[in-house]
Structure formats: structure tokens, C-alpha cells
Amino acid sequence: MLLKHAYQIVTMPFAQNRETPISQADLQTDNAAIDRRAIPASASESVWQAADGHTLRRIDWPGAGGEERGSILFLPGRGDFYEKYLETLDGWHRGGWRVTAADWRGQAGSGRLGDDPITGHVEDFSDWVADLDHFWSDWVKSTPGPHVLAAHSMGGHIVMRALVDGVVSPDAVVLSAPMLGMSGPPLPLPVLHGVAKLMTRIGAPTRPAWKWSEKPGEVPARRRDLLTHDDDRYEDELWWREHRPELVMGPGSWGWVERAYASTRVIEAPGAMEKVQVPVFIVSTANDKLVSHKAAVRAAQRLPRGEVLVFGDEARHEILREVDAVRDKALAGIAEFLDRVVPAKQ
């Protein structure tokens, strides 16, 4: 069933569908403003060492307000960095959660894997799955439960891949605009993958797969139209890129594109998502021009405990960085889901 109405939670418990509108009570959120251009005093930045010695940047908040609610690990998307999500992460912290976020290997403050500092490259998505496996194992041992795994865009893809591969076992999962399929030509996945394979063979796999700008590192003029309606939140990202130049990243490589399609085929394989028993809450928008909204809805239908909160034209790709009216509803939906599937200890 393809949903047509925004702000609905659609649950698919096993073979049955259930629709539940979000009530006004669910829209209660902590709207206390934070400085989105400063690392909160309650958070600490550090590095973590992967199994092969590669260092990954991370940020941690302890729980706030007495009894800890549990712990959330948040992972950003392709070309992203955790500074963009400080507002959301600090909000969860204020709600009593222990919060951690980390960069992916090869982007933001965790180095580069290609031939230049702008293009995003990876040899295989399984490298990121292995990092998550190792990080998750360490993190769970040092944080209180319940343990929630949250991610945006490409981060959502890697989390889903890790669930399908069986290397993580969170108590609940929250995915914002997950890259379970990429926006692009309406061709079969094997055809798209085949074209990407060809492109890695007729040139260096590390070369950019799409044009970024006339000037290396300069943000394309219409990029904001793909991400958010909120000009101030978009400007926050540009501020961080200016003040922390190591965060700047442009297009993905052809190697990244080919490996993304290859990993998508793993996730899309018959029975792959059907074996994931973890409660998964997906926030998606039909207005997404970067990832496939249809793939997100299809995933919620395939997952035994999948749910999806759908937005329309009022939301672009970065739903957690949208205007308040959209963002508050998304956060309320997430809060309702977590209160239901991993309730606070009495």
C-alpha cells in the first residue's frame, strides 16, 4: 500500500496493517533552543579506533535528568557530519538518553579513502558494516539499555545492511530518509548496477560520479532545494563547513555508486528484510529527490516489525533539519515509537 497522507504512522505487525494518527499530545517536544553552531558543554568529542586501527571521530552525551532513559547511537548520511544534528542529539540527551554519534570512515573528521579530500569513496560497504559491528559491540558494553540505533540516509542503509547481516542486535531502530534505494532512472536494480560497474572499468573508480561545482569544494547553488525548507538550519551546515574545513565533502565516487547498488541488492534479496525481528521506525518523505521513498515504504512493509511515518511536499530529504512544523512531528513520532517498543523503566 502506497501512503498518500502525511503524518501517519503505519505499522505492519506481521501480515496486518494498522494506521494510527499522531495526536496533539504526541506533539509535545522539548523546544528549548540550543546553539546549533557550538558543541554543547554537556558533550565531549573524541576518537575511536576501528579493528584495523583506523580512527573514527565521535561525540558523546551522558544521560540527563536523573534516571537514564537508555542509549541512542546516531549515524549520519553520505557526506554528512554529526554537527548537523546537534539540535536533535541534544534534544534526546535532554530527554534522559545517553547519546553517541560518530562519523563514517572516510568522511567528515574520519579521514578520506579516495584520491582527493572532496570525493567520497569506499572500497565496499561491508567495510562500514564491519566498523559498525565493532563500534556497536564496544558501545553496548559501556552504555545502559535499552539500546537504540538511529541513522540518516546512507547511515540508514548501513544500519539495515547490518541488521540483514545479523551483526547488530539493537532493541529498536530509527531511520530518517534511509537510502534503501537511490533516486534516479526508473530502471531495474540489476541494470543500474551493471551501468555503475561499467563506469568503474572505463575510468578510475575513485573519480567523482557527478558534478559538484565549477570550483572544488564549493556548494552547488540548488543543493539546499534538495535538503530542507529551513534556511537557517541549512546555513548552520555551511557555517560548520567553513569553520571546520575537514568536514567538507562533495560527490561520491563511481566506486561508491557501484558498491551502493551492490549492497542494495543484498538488502533487497528475497527474505533478507523479512528475517529482521527488531522494531524499525522509518521516517520518509514522498518529496525526497535523493533517496527512494518507495523503497522506504516497501521496507516498512517487508520488515516484520516495520513502521513508517510519511511526509509529503512539506518535507525534503533532511527531515530532522526541516522547519519546526515538520521536524516536531517527526520527533514526536519517534518518541511515541520508542515509548511504545522500549518503554522507560518504572
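These questions and replies go through how features of one predicted chain are assigned.

Me: What does the numbering rest on, and which residues and atoms count in this model?
Reply: Residues are numbered from 1 along each chain as its sequence is written, and side-chain values use heavy atoms, with hydrogens and water left out. The model is predicted, so local features need pLDDT of at least 70 and side-chain atom pairs count only at pLDDT 80 or more, while totals for chains, interfaces and linings use all residues.

Me: How many helices and strands are there, and what makes a run count as one?
Reply: The chain has 9 helices and 10 strands. Each is a DSSP run, numbered from the N terminus: H or I over at least four residues for a helix, E over at least two for a strand.

Me: Why is isoleucine 334 called buried?
Reply: Buried means under 20% relative accessible area, exposed over 50%, and partly exposed in between (1.4 Å probe, protein chains only). Isoleucine 334 has a relative accessible area of 2%, so it is buried. Its place is in helix H9 (residues 324-341). Across the chain of 346 residues, 54% count as buried.

Me: Which residues does isoleucine 334 touch, and what makes a contact?
Reply: A contact means heavy atoms within 4.5 Å. Not counting residues up to four places away in sequence, isoleucine 334 touches Trp92, Val174, Phe281, Val283 and Leu320. The C-alpha atoms of isoleucine 334 and isoleucine 282 are separated by 8.8 Å, and these residues are 52 apart along the chain. Over the chain, 79% of the contacts with a separation of 6 or more are between residues 24 or more positions apart.

Me: Why is leucine 187 called partly exposed?
Reply: Leucine 187 has a relative accessible area of 45%, which means that it is partly exposed. Leucine 187 lies in the loop between strand S8 (172-176) and helix H4 (189-201).

Me: What makes Leu187, Val191 and Val195 a patch?
Reply: Patches are made of residues with over 30% relative accessible area and no salt bridge (a side-chain nitrogen of Lys or Arg within 4 Å of a carboxyl oxygen of Asp or Glu). Like charges are joined within 9 Å, and nonpolar side chains (Val, Leu, Ile, Met, Phe, Trp, Tyr) within 5 Å. Leu187, Val191 and Val195 make a nonpolar surface patch of about 240 Å². Accessible areas come from the Shrake-Rupley method with a 1.4 Å probe, and for residues only the protein chains shown count as cover.

Me: How do you know that both faces of strand S7 are covered?
Reply: In a regular strand the side chains alternate between the two faces of the sheet. In S7, His147, Leu149 and Ala151 on one side are buried, as are Val148, Ala150 and His152 on the other. For the strand (residues 147-152), that is 6 of its 6 residues.

Me: What makes S7 a partner of S5 and of S8?
Reply: Two strands pair if DSSP finds at least two bridges between them. Strand S5 (residues 70-75) and S7 have 5 bridges in the parallel sense, and serine 71 has histidine 147 as its bridge partner in S7. S7 and S8 also run parallel, joined by 5 bridges; the bridge partner of leucine 149 in S8 is valine 173.

Me: Why is the crossover from S7 to S8 called right-handed?
Reply: The term applies if, with the strands pointing away from the viewer, the path from the first strand over the helix to the second runs clockwise. The chain crosses from S7 through helix H3 (residues 154-165) to S8, and this β-α-β crossover is right-handed.

Me: What makes the backbone at proline 146, serine 153 and alanine 177 worth listing?
Reply: Most residues other than glycine have a negative phi, and most peptide bonds are trans. Glycine 145 and proline 146 are joined by a cis peptide bond, with omega about 0°. Phi is positive at serine 153, near 55°, and at alanine 177, near 45°. Serine 153 is in the loop between S7 and H3, and alanine 177 in the loop between S8 and H4.

Me: Are serine 153 and alanine 177 buried or exposed?
Reply: Serine 153 has 9% relative accessibility and therefore counts as buried. At 1%, alanine 177 counts as buried too.
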